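Visitor: I am new to this structure. Please take one part of it and walk me through that part closely, then show me how the rest connects to it.

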Amino acid sequence: MSITLKINGEAREIDADDDTPLLWVIRDELNLTGTKFGCGVASCGACTVHLNGKPQRSCVFPIGAVGDNEITTIEKVDTPEAKAVQAAWQELDVVQCGYCQSGQIMSAIGLLSDNAKPSDEEIDTFMQGNACRCATYHRIRAAIHRASDILEA
Amino acid sequence: MNASNTASLSRRGFLKGAAVLGGAMVIGFNAGGALAISTGSAPAEAVGFNPFVKIGPDGTVTVVVKHFEMGQGTSTGLTTLVAEEMNVPWEQVAVEFSPSDEKYKNLAFGGQGTGGSTAMANSYLQYRQAGAAARDMLIRAAAAEWKVEAADVTIENGQLVSGDKTASIGAFVEQAGMLEPAAEPVLKDAASFTLIGKDKLPRKDSMAKTTGKAMFAMDVKVPNMVYVTILRSPLFGGTLKSFEVGAAAEVNGFVDARALPDNSGVAVYAESTWAAIKARRSVTADWDNAAADTRGSAEMLSEYTDKLSAAPTYDVTGKGDLTEMEEAAKAASRSVSADFHFPLLAHAPMEPLNCVIEPTEEGGVRVHDGCQFPMITHPTVAAITQLPPEKVEIITYYAGGSFGRRANAQSDYHAQAAMAFVALGGEKAVKLVWTREDDLAGGFYRPMFAQRANIGIGDDGKVSAWSQHTVAQSIFKGGPMESFVVHDGVDHSSVEGVVDTPYQLPMALGLTDYESPMPVLWWRSVGHSQSGYTMEVLMDMAAEAAGQDPVDFRLAHLDEEDENQARLAGVLKLAAEKAGWDGKQVDGKGRGVAVHKSFDTYVAQIMDVSLDADGAISIDKVVCAVDCGVAVNPDVIRAQMEGAIGYGLGAVMRNEITLKDGIVEQGNFPDYEPLRISDMPVVDVHIVPSDKAPSGVGEPGLPPAGPALANAIHAATGKRITSLPMTSAGISFA
């Protein structure tokens, strides 16, 4: 069946079953491959997108439940928080394999949008659902602090 | 792979046949890391100076990187070597992954592949020579045009310079490309390095990987492509008898289901990844389990323990003194004995395994993959598709992690994709996608290991006898690299890190193999992933028995007149100094030390833990010292230490693959919980300045992490952990 998705500022017609996870529509239908498949059970966070600006795991979110909500993916996220997070990630060379990093960045943007100056503990709590098998966590923490400083400046 | 991997080259051999890259399709990333694909030969305007360097008329230098990028930093590291020798600004250098071609073989392997922490070690001279050769050709071309001596021309900051004449290197690409490469291009003196050793050279892949633009094989979509998932036997060694499509046919997007030609499973084809995943749930199959392994982890452990108690099959140290040494150890006035047990481990890279195989217009196939072992994948795909090797191309993308999993003697997932491609008729491109469940239950695990050690302490307070029996399933036996690694029946990877320890220890080592149809594989740091733990927990136990400080005790077993032992002592002393080690322990906290050499690199770690009111452990901080020879990219080295520490800690804390009646019990990440950010300690890395040949950094940070944690927990709680994971040994983490 046909569904209209509001994604990255555009309305896109999608022909897929209601129960199709948003992740696969984003990747296979819309070719926005920056959003990743890691586990399919909302356990790793690689598929994190924004739903009305809030982080949402797209691998367990059926397109039938999206409704009027606005989806933003890594390709188009461009709030001041997004720019600060990406700049900090680049400055500190956080990435290794990079596969989880779109999701890490989308979550970090969500964190800083709610909490401009998170502590280490607040970062750990908020980012806990985003797994990184390369274990870049030490730098993720540092980069979130750095992004917070960039935003403050 | 235990020998020194820093290859020196016949320079003539390297330059012979160096010419414009031909034929293959290459995938590259521009200087900003964005994707660029070119088909046919190298871009028309770019000139190939040798297999590793191409230069465009705009002066952009493209480095053709022969080692895939799984996060370990090859796209930055090998590029640094060329940029250094050419004196071009970092921003002017782009990266491209090499096609599958003999020219790009790993000099440590003799075939094209990445592993064993060899990428920098085997490329260090080769890529510098490639850059130096290109520099020399450009200089000679400019000298001829300007009618000056070549000695009076230099390249500075990407510009050819002689007196008042300057030009972009791009202006001389065509003329330089026609010159004969020098047989012996002169390399820069280390004192004039500006990029090698530079502390914060930006990673080449950072931009693409922070903007969603980085291309992984999972992101590949080609025309006329179907997606395929595979229904496998839940038992290792089971084969397909028959299957029913059932309700899968009703799934929107379902295309077809076919038996794989080797009856290893059912290929379920669909028009989208989701449809292929969903349809597979409804396919049912009957399996022939006559040859399958139905043992569970408990039976395995019991067999391992029985073998441990029997005489070893192989006398690894070869002196015929296994029994005498054990008796001597037990008879010493102070002695230590312990059994160790290590579980099966999955690699679980973030990107579930996948690849695309498409038919080419020339009647061949093109493989799209984060390809770790083209030397195995290429002939494997050729054999299954019944094509001559020259009809098979491999395009390498960024790989979403590997930790060893993408490389194996069977090229398992490529073989599966090739079979699925053939089974569907070979007309349509197929994209094989594994789910996380496929990955965790897919075998190729770090083998289970068991160790029994007996150590005696002499009157001088040093180890007087050390006997150790290892039981392990061999990784290398029966594979294509067997002859390099297995000697007189002993798979070196089962005993590495013990038999070749730099410590001065009177050792007698035995080995017994465990056999199973379940495939096992190298997992980040291979045998060292368990031998580092055994050795360093045992050294701690021996120090305790001897009544000595753990750092002093280790140093007492290292003769610093010997370079190998001195380098191990060097990192240990550096870590101790940076951590402020004074041998004192504080109530409610614990501090542990471990040091280990692997892949020619020396790493020491001092780990601090604390206990909460319930006795749960928090890992607070790790001070790490590393000696990897010349530190080409210090920040990449730090990143690899941080990452290997995290990967190692997560595994020893709580990871294990278990079997019940032969069936893997772990489904998805919740059953194989990865290290989380809240588990991650602060990591403080110190690099030993060195002019020794560079050695690997991808793996050596891992072996000390587990034992440093175990020793810290012992310091805090008095509990020795000799069976992993720690959570199964009664340890809880905050």
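Guide: The part chosen here is one strand of chain B, and the tour moves outward from there. Keep in mind that this is a predicted model.

Start with strand β17 of chain B, residues 354–359. Five of its six residues are buried, so the strand is largely enclosed by the rest of the structure.

Now look at its partners. On one side is strand β20 of chain B, residues 429–433. Four bridges join β17(B) to β20(B), and the two run antiparallel. One facing pair is easy to find: B:C355 stands opposite B:L432 of β20(B). Another partner is strand β18 of chain B, residues 365–369. This pairing with β17(B) is also made over four bridges, in the antiparallel sense. Here B:I357 stands opposite B:V367 of β18(B).

β17(B) and β18(B) form a hairpin, with five residues between the strands. In that hairpin, B:G363 has a positive phi near 85 degrees.

Step back to the sheet. Seven strands of chain B make up an open sheet, in the order β12-β13-β10-β20-β17-β18-β19. Its pairing is mixed. At the edges are β12 (254–259) and β19 (392–396) of chain B, each of which pairs on one side only. Neighbouring strands are turned against each other by 25 degrees on average, direction ignored.

Where does the parallel part come in? Look at strand β10 of chain B, residues 225–232, which pairs with β20(B) in the parallel sense. That pairing has four bridges. Within these two strands, B:Y227 stands opposite B:K431 of β20(B).

A helix covers several of these strands. Helix α10 of chain B, residues 412–423, lies across β10, β12, β13 (265–270), β17, β18 and β20 of chain B. Against β20(B), helix α10(B) runs at about 140 degrees.

Next comes the nonpolar core. The largest one has 279 residues. Among those with the most contacts inside it are B:V228 and B:V268. B:V626 belongs to that list as well. The element that gives the most to this core is α3(B), with 15 residues. Take B:V626 as a sample. Leaving out residues up to four places away in sequence, B:V626 touches B:V571, B:T601, B:Y602, B:V603, B:I637, B:M641, B:V685, B:I687 and B:V688.

How is the whole chain divided? Chain B has domain 1 (11–210), domain 2 (218–290 + 353–433) and domain 3 (298–341 + 445–729). The centres of domain 1 and domain 3 of chain B, taken over C-alpha atoms, are 39 Å apart. Their contact takes 17 residues from domain 1 and 19 residues from domain 3. On the domain 1 side, α2 (74–86) and α3 (119–146) of chain B are the elements that give two or more residues. By class, that side has six nonpolar, nine polar and two charged residues.

Two loop residues deserve a stop. B:E699 is in the loop between β31 and α18 (705–717) of chain B. B:E699 has 28 other C-beta atoms within 10 Å, so this residue is buried. B:R524 is 175 residues away from B:E699 in sequence, yet their C-alpha atoms are 5.6 Å apart. B:R524 is also one of the residues that B:E699 touches, and others include B:S117, B:S598 and B:A644.

The second is B:G71, in the loop between β5 (61–65) and α2 of chain B. B:G71 counts as buried because there are 31 C-beta neighbours inside 10 Å. Its C-alpha atom is separated by 9.8 Å from that of B:F403, which is 332 residues apart along the chain. Leaving aside neighbours within four places in sequence, B:G71 is in contact with A:Q96, A:C97, A:G98, A:C134 and B:G401.

Those names from chain A lead to the last stop. In all, 49 residues of chain B are in contact with 44 residues of chain A. On the chain B side, the elements giving two or more residues are α5 (206–210), α6 (273–280), α17 (634–654) and β31 (682–687). Here α17(B) gives the most, with six residues. By class, this side of chain B has 23 nonpolar, 15 polar and 11 charged residues.

Definitions and conventions. Residues are numbered from 1 along each chain as its sequence is written. Chains are lettered from A and ligands numbered from 1 in the order in which they are written. This is a predicted model: local features need pLDDT of at least 70, side-chain atom pairs count only at pLDDT 80 or more; totals for chains, interfaces and linings use all residues. Two residues are in contact if their C-beta atoms, placed from the backbone, lie within 7 Å. Ala, Val, Leu, Ile, Met, Phe, Trp, Tyr, Cys and Pro count as nonpolar, Asp, Glu, Lys and Arg as charged, and the others, Gly among them, as polar. A residue is buried if 20 or more other C-beta atoms lie within 10 Å of its own, exposed if 12 or fewer, and partly exposed in between; C-beta atoms are placed from the backbone. Two strands pair if DSSP finds at least two bridges between them. Domain bounds come from an automatic or database domain assignment. Axes are lines fitted to C-alpha atoms, for helices over the stretch in contact, and angles run from 0 to 180 degrees between N-to-C directions. A nonpolar core is a set of buried Ala, Val, Leu, Ile, Met, Phe, Trp, Tyr and Cys residues joined through C-beta atoms within 7 Å.
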